[in-house]
Amino acid sequence: GEKGDFTMVYGFPGRTQEYLTSFAVDQIVNVINPANIAIRDIALDIMWEDMMADDEVRIKYAAKHAGTANYWKKWQGENRGIHRINGVQIKKEREADFLAKINSNKDWEEEYGILLPEFEKVYKESEQYELAYNYFIEVCWRSVEIIRFASRFRDAVSKLESGNELSESEKEGLKRHVKAHFKDYHLPTDKKLFIALFTKYDNDFNSLEPSFFNTVQTKYKGSYAAYANKLYDKSVFTTPEKINDLIDNLNPKTVKKITSDMAWQTMNSCFDNYNNNIKPSIENKEVKLEILNRKYLEAIMNIYPNKRLYPDANSTLRVTYGKVDDYEPRDGVKYLNYTTLDGVIEKYVPGDEEFDLPAKILELHKNKDYGQYAVDGELRVCFTGSNHTTGGNSGSPVIDAYGNLLGCNFDRNWEGTMSDIMYDPDMCRNITCDIRYVLFIIDKYAGATHLIDEMKLVKPNYQRAGIGTIPLITETPVQK
């Protein structure tokens, strides 16, 4: 696609939240995202340091590091984008207009006047619980692996404590968890994560925290390092041999070997804190917001009857449209609407996990052997457009106005990740792998020309009929 060309994306995106109030957006960008980013900053640094020091750790933790970095980057991009357009202020201005219209109509004032104050109250009351929920997920569930690993045994322990034996298939299921856990596990790295992240958790909270924090203060002089030294030294959850041996001999009498284990008790403390102190308030908040959101959208539809309302993604089939376009992420910087194979070669680093390239790609580039897929001697790789996409749109087909496949959607620009909350056509860009590059890889790189022979390739010849109209098109079949 060339700049200005119409594009359409269809697929099954997850969820977007375009109708969040200013109170919600303010909480996300100024409280929740910064907290999550700070936790992952620590986790990423610890993993990276150990990965750089040991090749075996680098291999084991490469995917974990990349997975952790994914939403870490997303939250930063979301914050940058919303701050750049002054998103909270925009929401407040819209809400001021909403209030003015409500106050001009007695019926509306009666029915909808309480909405925004109620939203403000719900977000204010739930903020600490929301923060505590994120710490539970980010620290206890996601980052400190021994905690999540021990939690896999909760159902088995519950069954054994009630006097029932485990079946052989249940024991095999536990052993599968053991195998999966230890495949890419490095105890010293996990221990560092435990110490650093639980220290941060304790420093950031005075309430809504796991009970074992008290144990650390009273019995270990507040040192999570001292606590972790004992836990990782003594626990049965630290080696596959120890835990598999225990699984083989698990019964209602031996279950105490698990329930008296420090890793188990630490995990239980985290989960009890979540289930008893955090979860009820989060669920209560969700119930209240469900009712308020329905009423709020009803109010918007009644008060702005002629407004074109934004359709949120809700995990069902969704079509979005836009156009091929470049963008300027900040002052003095402008990104073209496409990239080429020349750029891929520029990033080439032999042996690097992300930027290594097969010899054949280097050869094809050197000889400019792009077949029928080049544009003016260049091989286009990706292009950007103003289509609204979100998680779940990776792999979605990107088509033109006549159904011709232009490429496969796979990402958004960094600042454009804010589009889950606030879509801005000047800043939000979806990123598409150009179908010509896909065909080049199939044909010239992989040599699967027989697949190309089964396709009808066209080179659309757009003839614009005038500003604001859909372009006319004549299809020129590509010669094989």
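**Exercise 1.** How many strands form the open sheet, in which order do they stand, and is the pairing parallel or antiparallel?

*Solution.* Begin with the strands of this predicted model: the open sheet is built from 7 strands, which follow one another in the order β2-β1-β7-β8-β9-β6-β5, and their pairing is antiparallel. Next, look at the two edges, where β2 (318-323) and β5 (338-340) are found, each of them pairing on one side only. Finally, consider the twist: on average, and with direction ignored, neighbouring strands of this sheet are turned by 30° against each other.

**Exercise 2.** Find what joins strand β1 to strand β7, and then the helix that packs on the sheet.

*Solution.* Strand β1 (residues 6-11) and strand β7 (residues 397-399) run antiparallel and are joined by 2 bridges. Within this pair, Met8 stands opposite Ile399 in β7. The helix that packs on the sheet is α17 (residues 435-445), which touches β6 (380-385), β8 (405-412) and β9 (430-434), and the direction of α17 makes about 35° with that of β9.

**Exercise 3.** Which residues of helix α10 are buried, and why do they lie on the same side of α10?

*Solution.* First, list the buried residues of α10 (residues 212-219), namely Phe212, Phe213 and Val216. These residues cover an arc of only 115° around the axis, and therefore they lie on the same side of α10. Then turn to the face directed away from this buried side, which carries the exposed residues Thr218 and Lys219. The cover over the buried residues of α10 includes α9 (187-204), α11 (224-234) and α14 (262-303). Last, follow the chain beyond α10 to Lys221, whose phi is positive, near 55°.

Technical notes
Residues numbered from 1 in each chain as written. Predicted model: local features only at pLDDT ≥ 70, side-chain atom pairs only at ≥ 80, totals over all residues. Heavy atoms only, no water. Buried < 20%, exposed > 50% of the residue type's maximum accessible area, 1.4 Å probe, protein only. Helix = DSSP H or I, 4+ residues; strand = E, 2+ residues; numbered from the N terminus. Arc of directions from axis to C-beta. Contact = heavy atoms within 4.5 Å. Pairing = 2+ DSSP bridges. Axes fitted to C-alpha atoms, helices over the stretch in contact; angles between N-to-C directions.
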